[in-house]
Amino acid sequence: MAELNPIALWRRFLALPNESRAKTLIVAFLVSAICALMVSGATVVLRPIQAANRAAEQQARLENLIAGIPGMSDLLSAEGGALSTVVIDLERGAAAKEVTPETLPAALEDSANWTTLTAGEDLAGLGQRPDYAQIYLLRDANGAISLALLPISGAGYNGPIDAIIALKGDMNTVAGMAITGQSETPGLGARIEEPSWLAQFSGRQISDARGDIRFAVARGSAGNEYEVDGITGATRTSNAITRMVRFWLGPDGYAPLLTAIRRGEF
Amino acid sequence: MSSQPRLWTTFTEPLIRQNPVTLQILGICSALAVTTSVATALTMSASLTAVLVMSAGIISVIRNHIPSSIRLIVQIVIVASLVIVIDQLLQAYLFEISQRLSVFVSLITTNCLVLGRTESFARHNPPGRAMIDALGNGLGYSLVLILIGSLRELFGAGTLLDWQLLPTVDQGGWFTPLNLMLLAPSGFFLLGGLVWAIRSLLPEQVEAGEFTPPETGEDGA
């Protein structure tokens with residue numbers, strides 16, 4: 001006589017000896033199923049709140065950073081302009097047509113919007129590069145761009161380094177640099193976050209008259225207008241900064257955009 | 001009400017006399033890592049206590065039906081799921097602190113304290129007792145964390161819960177922050193000092209030496 005009453009079935013299951021194979025399997029299954037439900041439930045219910053938190057944090061960090069770039073607040077008040085946010089298509093060096101700052105995160109989740117870099121191109125150790133980037137532009141009274149804030153990133157010694165580099169209107173003079181994320185060795189590589197080190201970036205030149213990128217973090221003290229002092233004991237981190245600046249301001253990074261801005265197409 | 005005093009001892013024993021951190025030296029890794037400030041120590045303590053109490057309760061409820069061949073994995077799955085839920089909650093409602101705790105909340109799963117209590121106590125006791133024991137152990141862990149966290153924050157930054165108690169030199173005061181306090185080694189020093197202090201007061205906690213030094217026959221050499 002097959003017992004189909006669920007309560008009776010449940011009693012029979014509980015009465016099984018603990019070591020029987022059936023009970024082991026059923027207990028394992030039930031525990032995993034209930035735990036899976038719990039975990040997915042929590043994740044799904046809480047995701048919107050977490051996403052809002054992350055977005056707010058990013059925004060706050062950005063505002064901090066803009067305020068923290070040396071001379072930035074002076075520049076902002078001197079120029080009297082407001083920052084505008086633009087999503088650009090890196091390949092074309094122009095404003096992206098379909099992607100806005102709001103839809104950028106969604107666009108970057110699609111792997112079709114990423115370009116895989118070959119070993120030769122991949123100076124910064126990224127592996128792949130997004131096709132779209134969100135940049136910030138400051139215009140003077142005549143509408144000409146006086147400052148561009150470009151997010152850059154690269155592989156450091158212990159993990160990725162994220163930074164924002166600010167270029168003056170000629171797109172060749174650095175106005176400032178800010179590190180937004182790093183996990184370098186405290187006391188050595190992590191000194192890239194120190195304001196006194198970052199202050200040196202202001203006024204450095206990126207490329208020479210022929211257009212070759214000369215910018216570098218020097219080994220030791222800076223020797224010319226393209227260099228900033230190296231950090232003692234942090235050669236790998238210093239090199240990572242050199243490579244990420246060179247990559248992002250080079251042909252696979254913002255170079256098409258910089259050319260377009262210099263030509264006044266923006 | 002004959003079980004009342006015993007329940008009470010179940011709860012109070014782990015606070016100091018059987019403290020999981022200073023006597024059993026369990027959960028050291030997180031105790032060292034998250035005690036740089038009182039706020040993180042408090043959050044970590046609350047998370048661990050919550051996970052401990054809930055997992056002890058759940059495991060105690062199903063204790064008669066856990067096949068012993070898979071009992072460890074069943075316990076770990078339950079603990080791990082609770083930890084993920086807590087971690088998600090922290091990320092949603094205490095975002096800043098969850099960033100500072102980083103990976104250590106998820107590492108509650110592997111905290112020997114949790115598995116130790118569920119395996120040695122919750123599996124053999126009814127839910128009420130198991131949860132009280134878990135609460136006692138969680139609070140014992142919290143006591144140590146909060147004590148070390150307060151010392152480190154006070155001497156490392158001159159603050160307590162972000163209240164400036166000792167004005168630092170940077171702010172025009174007199175106190176030079178001891179940066180060592182914010183680094184991991186100071187956690188070891190303080191914990192070691194605490195264990196020493198407790199064992200000096202309660203000599204029965206001192207473990208027997210693992211070996212006796214050989215007699216050399218030379219006095220004072």
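How much of chain A, with its 266 residues, counts as buried? The share is 26%. That figure, like every other one here, comes from a predicted model. The model as a whole scores ipTM 0.75 and pTM 0.64. For chain B the mean pLDDT is 84, and 95% of the residues in that chain reach 70 or more. Where pLDDT is low, the predicted coordinates should not be read in detail.

Chain A is the place to start. Its secondary structure consists of 7 helices and 10 strands. If one takes the contacts in chain A between residues at least 6 apart in sequence, 53% of them join residues at least 24 apart. Towards the start of the numbering there is an annotated segment: an unreviewed UniProt entry gives residues 25-46 of chain A as "transmembrane region". In the model, residues 25-46 of chain A are 100% helix and 0% strand, and 32 Å separates the C-alpha atoms at the two ends of the span.

Further along chain A comes a sheet. Six strands make up an open sheet in chain A, and reading across it the order is β2-β1-β5-β6-β7-β8, with antiparallel pairing. At the edges are β2 (94-95) and β8 of chain A, each of which pairs on one side only. Within this sheet, strand β6 (residues 145-155) of chain A and strand β7 (residues 160-168) of chain A are joined in the antiparallel sense by 9 bridges. The two strands, β6(A) and β7(A), make a hairpin, with 4 residues lying between them. Two pairs of residues help to locate the register of these strands. A:Leu147 has A:Lys168 of β7(A) as its bridge partner, and A:Ile152 stands opposite A:Ala163 in β7(A).

The next step across the sheet goes from β7(A) to strand β8 (residues 174-181) of chain A, again antiparallel, over 6 bridges. Here A:Asp162 is found opposite A:Gly181 of β8(A). β7(A) and β8(A) also form a hairpin, this one with 5 residues between the strands, and in it A:Met171 adopts a positive phi near 60 degrees.

What packs against β6 and β7 of chain A? The buried residues of α6(A) do, and they also pack against β9 (216-217) and α7 (255-262) of chain A. Helix α6 (residues 235-249) of chain A is 15 residues long and spans 21 Å from first C-alpha to last, close to the 21 Å expected at 1.5 Å a residue. Its buried residues include A:Ala240, A:Ile241, A:Met244, A:Val245, A:Trp248 and A:Leu249. Also among the buried residues of α6(A) are A:Thr237, A:Ser238, A:Thr242 and A:Phe247. An α-helix has 3.6 residues a turn, so residues three or four places apart point the same way.

Helix α6 of chain A also holds A:Thr235. An unreviewed UniProt entry annotates A:Thr235 as "modified residue: FMN phosphoryl threonine". Why does A:Thr235 count as partly exposed? The reason is the neighbour count: A:Thr235 counts as partly exposed because it has 15 C-beta neighbours inside 10 Å, while a buried residue needs 20 or more and an exposed one has 12 or fewer.

Chain B is built from 8 helices and 2 strands. Read from the N terminus, the elements of chain B follow the order α-α-α-α-α-α-α-β-β-α. Of the 221 residues in chain B, 37% are buried. Among the contacts in chain B between residues at least 6 apart in sequence, those joining residues at least 24 apart make up 72%.

For chain B, UniProt (unreviewed entry) lists residues 48-66, 73-95, 101-118, 139-160 and 180-198 as "transmembrane region". Two of these spans can be described from the model. Residues 48-66 of chain B are 74% helix and 0% strand, with 24 Å between the end C-alpha atoms. Residues 180-198 of chain B are 79% helix and 0% strand, and there the end C-alpha atoms are 24 Å apart.

The last topic is where the two chains meet. Contacts link 17 residues of chain B with 19 residues of chain A. On the side of chain B that touches chain A, helix α4 (residues 71-93) of chain B gives the most, with 10 residues. That side of chain B is made up of 11 nonpolar and 6 polar residues, with no charged residues.

Technical notes: Residues numbered from 1 in each chain as written. Chains lettered and ligands numbered in written order. Predicted model: local features only at pLDDT ≥ 70, side-chain atom pairs only at ≥ 80, totals over all residues. Contact = placed C-beta atoms within 7 Å. Nonpolar A, V, L, I, M, F, W, Y, C, P; charged D, E, K, R; others polar. pLDDT = per-residue confidence, 0-100. UniProt positions renumbered as here; feature names shortened; annotations may be inferred. Pairing = 2+ DSSP bridges. Expected span 1.5 Å × (residues − 1).
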